[in-house]
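Q: Hey, can you help me look at the empty spaces inside this protein? I'm new to this, so plain words please.

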Amino acid sequence: MSESAAELYTTKADYAYLRVKELILSGTLLPGSVIAQAQLARDIGISTTPLREALRRLKSEGLVELDAHRDARVAPLAAEEARDLLELRRSLDPLAVALAAERRTKADIAAMRAAADGLKPLPGNPDYEQLVAHRKFHTALYTASHNDLLIQTLNSLWDKADRYRRLALEVERGQAARDRKAAEHDALLEYVIAGDAESAAAVMREHIDTSLGAQAAWRLRKHHTEPRPLGQDEVDA
């Protein structure tokens, strides 16, 4: 990216923040990898000063780790975090769609239908735009709850959860599983628009329990508990 691209944003630090987040969520910067700050700054067309500011912001979101010497790396994936995310979403997502079914407005319905238009289950190696489209649909559902604290909480969880979705997608899903997720999206939209809070919450619970996040949590827990040969280094996946 050029310097002129960065100038389209409010500040160069904002631009750096969005670009580095995209590189992390797209898998270009892998979990646990060291961030070569000077090279990265050159690649995205900024100096290291706004990049360091962006990295501090990403650290506060749990996507980057910084040490006392200002060295940076992408936060590794962890079984405990995957479990925590799953537990929160099992409680909060059904609540959000139940409230959305009770409170949705005509504008909310239009936004949800627009977000659902053309939405497809994530492929094995999703690009950033496909992840954004998936998030846009769920955000439209959450927004219709008209509970600001709930919306903020779910939005704050989403970026972390996307990294675990990508891990789960390393195992190819069959067409039946993809069709099931598409059907769940259709049902969520239908029940929220119809004002059926109970059915919307039930579908969302099933959606979370069989989600990519749930699969990632299972994979990481299995990896963490598997016996390993003596002398083999333990590596967080």
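Q: What volume does the largest cavity have?
A: Keep in mind that this is a predicted model. In it, the largest cavity has a volume of about 170 Å³.

Q: Okay, and which residues lie nearest its centre?
A: That would be His134, Arg165, Lys181, His207 and Leu212. They belong to a lining of 15 residues.

Q: Which elements give two or more residues to that lining?
A: Four helices do: H7 (128–143), H9 (175–194), H10 (197–209) and H11 (212–225).

Q: And how does the lining of the largest cavity split by class?
A: Six of its residues are polar, five are charged and four are nonpolar.

Q: Switching topic: how many cavities of 30 Å³ or more are there?
A: The count is three.

Q: What's the volume of the second largest cavity, then?
A: About 80 Å³.

Q: Which residues line the second largest cavity?
A: Going along the chain, you get Ala82, Leu85, Leu86 and Arg89, then Ala161 and Tyr164, and finally Ile208, Ser211 and Gly213.

Q: Where does the largest share of that lining come from?
A: From helix H5, which gives four residues. Helix H5 spans 79–103, and helix H8 (148–168) also supplies at least two residues of this lining.

Q: What about the classes there?
A: The lining of the second largest cavity has six nonpolar residues, two polar ones and one charged one. For the largest cavity, the numbers were four nonpolar, six polar and five charged.

Notes
Residues numbered from 1 in each chain as written. Predicted model: local features only at pLDDT ≥ 70, side-chain atom pairs only at ≥ 80, totals over all residues. Heavy atoms only, no water. 1 Å grid on protein atoms, 1.4 Å probe; cavity = no way out; pocket = protein on both sides within 12 Å on 5 of 7 lines; lining within 4 Å. Points joined across faces, edges and corners; volume = space filled by probe spheres on them. Nonpolar A, V, L, I, M, F, W, Y, C, P; charged D, E, K, R; others polar.
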